[in-house]
Amino acid sequence: ADFVKIQTYEADDMLVNKNFMIKKGLWKNQNLWKLYQKAKTPYAWHYDAFKIAKKEKIELFSTPFSVKALKFVKQFKPKLYKISSFELTDYNLINEIAKLKKPIIISTGMANLKEINGALKIIRKWHNKIILMYCVSSYPTKLEEVNFKKISLIKNNTNISNVGFSDHTIGNSAAIASISNGVR
């Protein structure tokens with residue numbers, strides 16, 4: 001791999017209500033805070049992860065889910081950052097990331113065009129090093145939920161030509177199909 005992306009958060013960064021129960025889907029009847037707590041990349045692991053990545057000449061970067069997480073991960077001096085579609089309306093976080101003037105990858109799965117353009121407006125105050133990722137925020141994504149027409153919709157409504165595909169489907173069919181649908 002040339003690049004590896006991790007997520008930087010603590011469960012408290014993600015939720016206010018520690019008792020929120022998931023009502024349907026893959027994690028039905030599970031406590032969301034406990035899932036985030038279990039799924040996180042512990043802050044302590046970041047030290048070894050960045051050390052190993054540097055040794056192996058792999059660019060390791062992160063999706064910070066809060067300003068607190070961003071402040072932590074900045075010490076490792078990643079060359080780029082990713083913004084989760086879940087955080088696309090956290091304009092304070094976006095501004096803090098954009099101020100670093102490093103390339104930003106933005107996932108669009110949970111966002112509409114107005115929200116995407118709101119984030120882009122903030123980032124463009126600082127720089128234009130932006131890649132958008134079309135994705136469907138369901139895990140796993142069913143193939144019939146993928147709509148590659150949204151790639152051209154995103155390109156045409158944001159003036160961003162670098163649009164990729166963040167794939168949550170099982171297998172590689174959607175990823176392969178995305179190439180003929182204009183992803184970069």
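This report walks through the pockets, a surface patch and some backbone features of a predicted model.

## The largest pocket

Let's start with the largest pocket, which holds about 1000 Å³ of space. Its lining is made up of 35 residues, and those nearest the centre are Trp27, Tyr36, Phe86, Ser137 and Tyr139. Sorted by class, the lining has 19 nonpolar, 10 polar and 6 charged residues.

Several secondary structure elements take part. Strands S1 (3–8), S2 (59–64), S4 and S5 (130–135), along with helix H2 (32–39), each supply at least two lining residues. The element that gives the most is H2, with 5 residues.

## The second largest pocket

The second largest pocket has about 250 Å³ of space. Here the class count reads 7 nonpolar and 5 charged residues, with no polar ones. Among the lining residues are the aromatic side chains of Tyr47, Phe50 and Phe76, and the lysines Lys51, Lys54, Lys77 and Lys79.

Helix H3 (43–56) and strand S2 each bring at least two residues to this lining. H3 has the largest share, at 5 residues. S2 is worth a second look, as this strand also supplies at least two residues to the lining of the largest pocket.

## A nonpolar surface patch

On the surface, Leu26, Trp27, Phe86, Met110 and Tyr139 come together as a nonpolar patch, with a joint accessible area of about 510 Å². Three patch members, Trp27, Phe86 and Tyr139, will be familiar from the list of residues nearest the centre of the largest pocket.

Met110 sits in the loop that runs between strand S4 (104–107) and helix H6 (113–124). Its relative accessible area is 44%, so Met110 counts as partly exposed; that value is over the 30% needed for a patch residue.

## Backbone features in the loops

Tyr139 appears once more here: a cis peptide bond joins it to Pro140, with omega at about -10°. Pro140 belongs to the loop between S5 and helix H7 (149–158).

Two lysines also deserve a visit. Lys57 is not a glycine, yet has a positive phi of about 60°. This residue is placed in the loop between H3 and S2. Lys57 counts as exposed because its relative accessibility is 74%, where the cut-off is over 50%.

Lys77 likewise has a positive phi, near 55°, without being a glycine. The loop that holds Lys77 lies between helix H4 (67–74) and strand S3 (81–83). With a relative accessibility of 63%, Lys77 is exposed too, and this lysine is one of the residues lining the second largest pocket.

How values were computed:
Residues numbered from 1 in each chain as written. Predicted model: local features only at pLDDT ≥ 70, side-chain atom pairs only at ≥ 80, totals over all residues. Heavy atoms only, no water. Patch = residues over 30% accessible without salt bridge, like charges linked within 9 Å, V, L, I, M, F, W, Y side chains within 5 Å. Areas by Shrake-Rupley, 256 points an atom, 1.4 Å probe, with all protein chains shown as cover. Salt bridge = Lys/Arg side-chain N within 4 Å of Asp/Glu carboxyl O. Helix = DSSP H or I, 4+ residues; strand = E, 2+ residues; numbered from the N terminus. Buried < 20%, exposed > 50% of the residue type's maximum accessible area, 1.4 Å probe, protein only. 1 Å grid on protein atoms, 1.4 Å probe; cavity = no way out; pocket = protein on both sides within 12 Å on 5 of 7 lines; lining within 4 Å. Points joined across faces, edges and corners; volume = space filled by probe spheres on them. Nonpolar A, V, L, I, M, F, W, Y, C, P; charged D, E, K, R; others polar.
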